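Me: Please take a close look at one part of this model, the salt bridges and the network that some of them form. I would like one connected account of the residues involved and how covered they are.

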Amino acid sequence: DQHDRGLNTLLLTNSFDTTSAFQGGFSGVYVVCGNTYALARRGFDADVDDQVSFSINHKGNTKSQLGQISAALDVADRAIRSHEQVARDLAKVKVSRADVWRLAVAAMPPSRATLDKWKATGQPTGYWINQWNGVLDESRNGPGHDLPTRQGTAFGAWNAVTGYVDYARQPSSTDSARTNQALFGTGADIKTRAFEVAVDKFAGGGEWSDTVHDVESICSAAVN
């Protein structure tokens with residue numbers, strides 16, 4: 001459910017003949033072939049009273065498959081180490097609550113057509129305000145918000161975006177849908193954009209975009 005934070009397990013899966021691509025994650029990894037995964041889902045979806053068991057024989061080049069996975073995880077590990085150093089740098093940069101809100105706007109910007117409509121009416125729609133204020137709430141109440149590396153830091157601002165996107169943006173969706181959007185869908189895009197903006201603005205001293213300035217001028221009372 002929406003309170004399942006702390007679980008850090010990602011399933012790696014590829015086709016039985018290894019022709020399909022696989023995705024790599026961070027830690028706590030289980031590896032199965034596509035056939036095994038499909039049967040596991042069938043067993044999981046069965047009625048609790050049903051005693052279901054399956055048996056699968058693998059006849060592929062297991063060593064080669066594991067080698068591919070090992071290489072992918074090695075690339076992921078190097079990327080994570082670089083990412084970790086940048087995160088440490090962001091944790092040293094102090095930011096205001098207004099900056100957290102600006103990062104939320106930059107990570108989840110309205111379209112130009114939507115922004116033009118707001119300018120004409122002077123009233124943004126609640127959906128967008130709720131999203132940005134959701135990030136603010138995450139920065140105040142999310143897990144670890146009181147840690148010195150998060151409280152009032154650029155790293156904390158980025159964490160507020162990721163926390164909101166992963167756990168509050170679609171709290172009623174299924175586990176599978178939430179995982180997909182968080183890792184590979186729109187949620188992943190938002191988090192990547194937030195990280196790039198945080199590095200550029202908070203660590204690199206870059207300027208906020210015209211969109212952020214325009215939204216700020218329309219939503220002068222939006223930061224609660």
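Reply:
**Salt bridges around Arg-112**

By the rule that a salt bridge is a side-chain nitrogen of Lys or Arg within 4 Å of a carboxyl oxygen of Asp or Glu, the count comes to seven salt bridges. The model is predicted, so that local features need pLDDT of at least 70 and side-chain atom pairs count only at pLDDT 80 or more, while totals for chains, interfaces and linings use all residues. Residues are numbered from 1 along each chain as its sequence is written, and side-chain values use heavy atoms, with hydrogens and water left out.

Arg-112, Asp-116, Lys-119 and Asp-214 are joined in a network of salt bridges. Within this network, Arg-112 pairs with Asp-116, their closest N and O atoms being 3.8 Å apart; both residues lie in helix α4 (residues 112-121), four residues apart, or about one turn of the helix, where helices are DSSP runs of H or I with at least four residues, numbered from the N terminus. Arg-112 also meets Asp-214 in a salt bridge, at 3.6 Å from N to O, and this pair links distant parts of the chain, since Asp-214 belongs to helix α9 (residues 210-218) and is 102 residues from Arg-112 in helix α4.

As for cover, buried means under 20% relative accessible area, exposed over 50%, and partly exposed in between (1.4 Å probe, protein chains only). Asp-214 is buried because its relative accessible area is 19%, whereas Arg-112 counts as partly exposed at 41% and Asp-116 as partly exposed at 40%.

Note on methods. Helix = DSSP H or I, 4+ residues; strand = E, 2+ residues; numbered from the N terminus.
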